[in-house]
Amino acid sequence: MKIIAICRNYAAHAAEMATSPNKPAIPSSPAWFLKPDSALLHDDKPFFYPDFSTDVQHEVEVVVRIDHVGKSIEQRFAHRYYSSVALGLDLTARDLQREAKRNGMPWAASKGFDGSAVLSSFVPLDSLGGDIQNLGFSLLRNGQVVQQGNTADMIFPVDQLIQHISQFMTLRTGDLIYTGTPAGVGPIAIGDQLQGILCGQPMFNLRVK
Ligand code: ZN
């Protein structure tokens, strides 16, 4: 399986990530990257802070799981390709990413390291009201809300993401799409408890060791 992650899919986060006024903060088409399956961190296992970074940051994201194989999926049919969602963290070694961007190099390591794709259990979309574009979610760091979003605010809705990505890559059963993070990304530290909430339901509780 593969993990696809979307960059800058919420305007307020795109603005906080803009490096200069010349660079458009909001992409004109979906921007995305891959994480390896070895990045997955399931079942509320602890995250061990890696020694290659001093600036690992949280990005809380709604995750869509692909139910069956598809290629060049039209947006109007895309909803047939998923039926459950989870909440995850796209953990990012921001210092490595900044360095790679500065040098014009790929930033795979900063986004693909072990444990960087935190994932809760999946719940049926129907149990959350059935509308993928109306899911409220938040991240609490040590009990304080640090990120809060609603999928209604996505720049590119899930069905458009599926159309876009599947032009290039066949989507297969079990593939995951991390759909982008809202504003409020920030550092994590050893000793933190990170709790993800989706539609009022606690989804994961990550300890940083
Ligand atoms: Zn992300």
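This report describes the overall form, the zinc site, the nonpolar cores and several buried residues of one protein model.

The model is predicted: local features require pLDDT of at least 70, side-chain atom pairs count only at pLDDT 80 or more, and totals for chains, interfaces and linings use all residues. Residues are numbered from 1 along each chain as its sequence is written, and side-chain values use heavy atoms, with hydrogens and water left out.

## Overall form

The protein contains 4 helices and 15 strands. Helices (H or I, at least four residues) and strands (E, at least two) are DSSP runs, numbered from the N terminus. With a radius of gyration of 16 Å, close to the 17 Å that the globule rule gives for 209 residues, the protein is as compact as a globular protein of that length. That radius is taken over C-alpha atoms, and the globule rule is 2.2 Å times the number of residues to the power 0.38. Along the principal axes, the C-alpha atoms fill a box of roughly 45 × 40 × 30 Å.

Of the 209 residues, 51% count as buried. Buried means under 20% relative accessible area, exposed over 50%, and partly exposed in between (1.4 Å probe, protein chains only). The protein exposes about 9400 Å², of which carbon and sulfur atoms supply 52%; accessible areas come from the Shrake-Rupley method with a 1.4 Å probe, and for residues only the protein chains shown count as cover. Among contacts (heavy atoms within 4.5 Å) with a separation of 6 or more, 78% join residues 24 or more positions apart.

## The zinc site

The zinc ion is coordinated by E59 (OE), E61 (OE) and D90 (OD), at 2.0 to 2.1 Å. Along the chain, these donors follow the spacing E-x1-E-x28-D. The pair E59 and D90 links distant parts of the chain, 31 residues apart: E59 is in the loop between β4 (56-58) and β5 (60-66), whereas D90 is in strand β6 (residues 82-90). Donors are N, O and S atoms within 2.8 Å of the metal (3.2 Å for Na, K and Ca); water is not among the atoms, so sites may look incomplete. E59 is buried, with a relative accessible area of 4%, and D90 is also buried, at 0% relative accessibility.

## The nonpolar cores

In soluble globular proteins, nonpolar side chains tend to be buried together. A nonpolar core is a set of buried Ala, Val, Leu, Ile, Met, Phe, Trp, Tyr and Cys residues joined through side-chain atoms within 4.5 Å. The largest such core here has 44 residues, and those with the most contacts inside it are F47, V85, L89, I162 and L198. Elements that each supply at least two residues of this core include β1 (3-7), β10 (136-141), α4 (158-168) and β14 (193-198). A second, separate core of 12 residues includes A117, L119, L176 and Y178.

Leaving aside neighbours within four places in sequence, L89 is in contact with residues including the zinc donor E59, as well as A117 and Y178 of the second core.

## Helices α4 and α2

In α4, the residues V158, D159, L161, I162, H164, I165 and S166 are buried. These residues pack against β1, β2 (31-35), β5, β6 and β12 (176-178). V158 has 2% relative accessibility, and beyond its neighbours within four places in sequence it is in contact with V64, Y82, I132, Q133 and T179.

S166 is buried, with a relative accessible area of 0%. S166 and K71 are 95 residues apart in sequence and 5.1 Å apart in space, C-alpha to C-alpha.

In helix α2 (residues 94-102), R94, D95, Q97 and A100 are buried. Their cover includes α1 (11-17), β4, β7 (92-93) and α3 (108-112). Just after α2, G104 takes a positive phi of about 65 degrees.

## Polar contacts of two serines

S53 is in the loop between β3 (40-41) and β4; it is buried, with a relative accessible area of 4%. Leaving aside neighbours within four places in sequence, S53 is in contact with A93 and D95. The table lists polar contacts made by the side chains of S53 and S166. A polar contact is a pair of N or O atoms within 3.5 Å; within protein, one must be able to donate a hydrogen and the other to accept it, and residues adjacent in sequence count only if both atoms are side-chain atoms.

| Side chain | Backbone atom reached | Distance |
|---|---|---|
| S166 | nitrogen of I73 | 2.8 Å |
| S166 | oxygen of Q163 | 3.3 Å |
| S53 | nitrogen of D55 | 3.0 Å |
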